[in-house]
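The following exercises concern a single protein model. Please examine the sequence and the coordinates before attempting them.

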Amino acid sequence: MSKISPCLWFDGEAEQAANFYVSLLPDSRIEKVQKNTTDSPAGKAGSVLVVEFTLAGQRFMALNGGTRFEYTHAVSFKIDCADQAEVDRLWDGLCADGGQAERCGWLRDRYGVFWQIVPAALVQYLGGSDRAGAQRAMQAMLQMTKLDIAGLKNAYEGKSAA
């Protein structure tokens, strides 16, 4: 078990957010829900204070801190995806119900948390031995919102988009 785990700050949505996140990825589960024992700035006695959860094998904590703070691009969570189907599924899930798509495979979910949904093939095309192909793939990626493996491959190989 890692000694370090991210703590996500919410204003009353910690349990809802944790349940949403664990529904999207295998090897994910709620570990513990801790309630407030007394009234506090974080909520009334009996309300959820902390949710400990595992997301794709990584431990997290969601805290109802009592005040909403905005997340920024300075901290995001990258999910490595095996194929386009996984990219599409996670993209659609995290963008649902108020999430916002951004450029280059980034998105902001309904809670304001930033995610990078990255196909494994991206490294292959951006780091390939064909330097001109890698530059074309980079330029293609910079024009994308959700990353498209076929589009990256075509750019790398110098093929026109169909």
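Four exercises follow, each with a worked solution; the model is a predicted one.

**Exercise 1. Sheet topology**

Determine in which order the four strands of the open sheet are arranged, and identify the edge strands.

Solution. Step one is to establish the order, which reads β1-β4-β3-β2 across an open sheet of mixed pairing. Step two is to locate the edges: β1 (7-10) and β2 (29-35) each pair on one side only, and they are therefore the edge strands under the pairing rule of at least two DSSP bridges. Step three concerns geometry: from one strand to the next, the twist averages 20°.

Step four examines one pair in detail. Strand β4 (residues 58-64) runs parallel to β1, and four bridges join them. Within this pairing, W9 stands opposite L63 in β4.

Finally, place the helix. Helix α1 (residues 14-22) lies across β1, β2, β3 (48-55) and β4, and its direction makes an angle of about 10° with β3.

**Exercise 2. Cysteines**

How many disulfides does the model contain, and why is C95 not bonded to C81?

Solution. The criterion is a pair of cysteine sulfur atoms within 2.5 Å. For C95, the closest cysteine sulfur belongs to C81 and is 12 Å away, so the separation is too great for a bond. Applied to the model, the rule gives a count of zero disulfides.

A further step is to classify accessibility, for which buried means under 20% relative accessible area and exposed means over 50%. C95 has a relative accessible area of 16% and is therefore buried. C7, at 40% relative accessibility, is partly exposed, because this value falls between the two limits.

**Exercise 3. A loop asparagine**

Is N36 buried or exposed, and which residues does it touch?

Solution. First, N36 is located in the loop between β2 and β3. Next, its relative accessible area is 8%, so N36 is classed as buried. Last, leaving aside residues up to four places away in sequence, N36 touches A42, G43, K44, A45, G46, S47, V48 and L49.

**Exercise 4. A loop alanine**

Classify the accessibility of A74, and state how far A74 and F114 are apart in sequence and in space.

Solution. Begin with the position: A74 belongs to the loop between β4 and β5 (77-81). Its relative accessibility is 72%, so A74 counts as exposed. To conclude, A74 and F114 are 40 residues apart in sequence, while their C-alpha atoms are 8.9 Å apart in space.

Terms used. Residues are numbered from 1 along each chain as its sequence is written. This is a predicted model: local features need pLDDT of at least 70, side-chain atom pairs count only at pLDDT 80 or more; totals for chains, interfaces and linings use all residues. Side-chain values use heavy atoms; hydrogens and water are left out. Buried means under 20% relative accessible area, exposed over 50%, partly exposed in between (1.4 Å probe, protein chains only). Axes are lines fitted to C-alpha atoms, for helices over the stretch in contact, and angles run from 0 to 180 degrees between N-to-C directions. Contact means heavy atoms within 4.5 Å.
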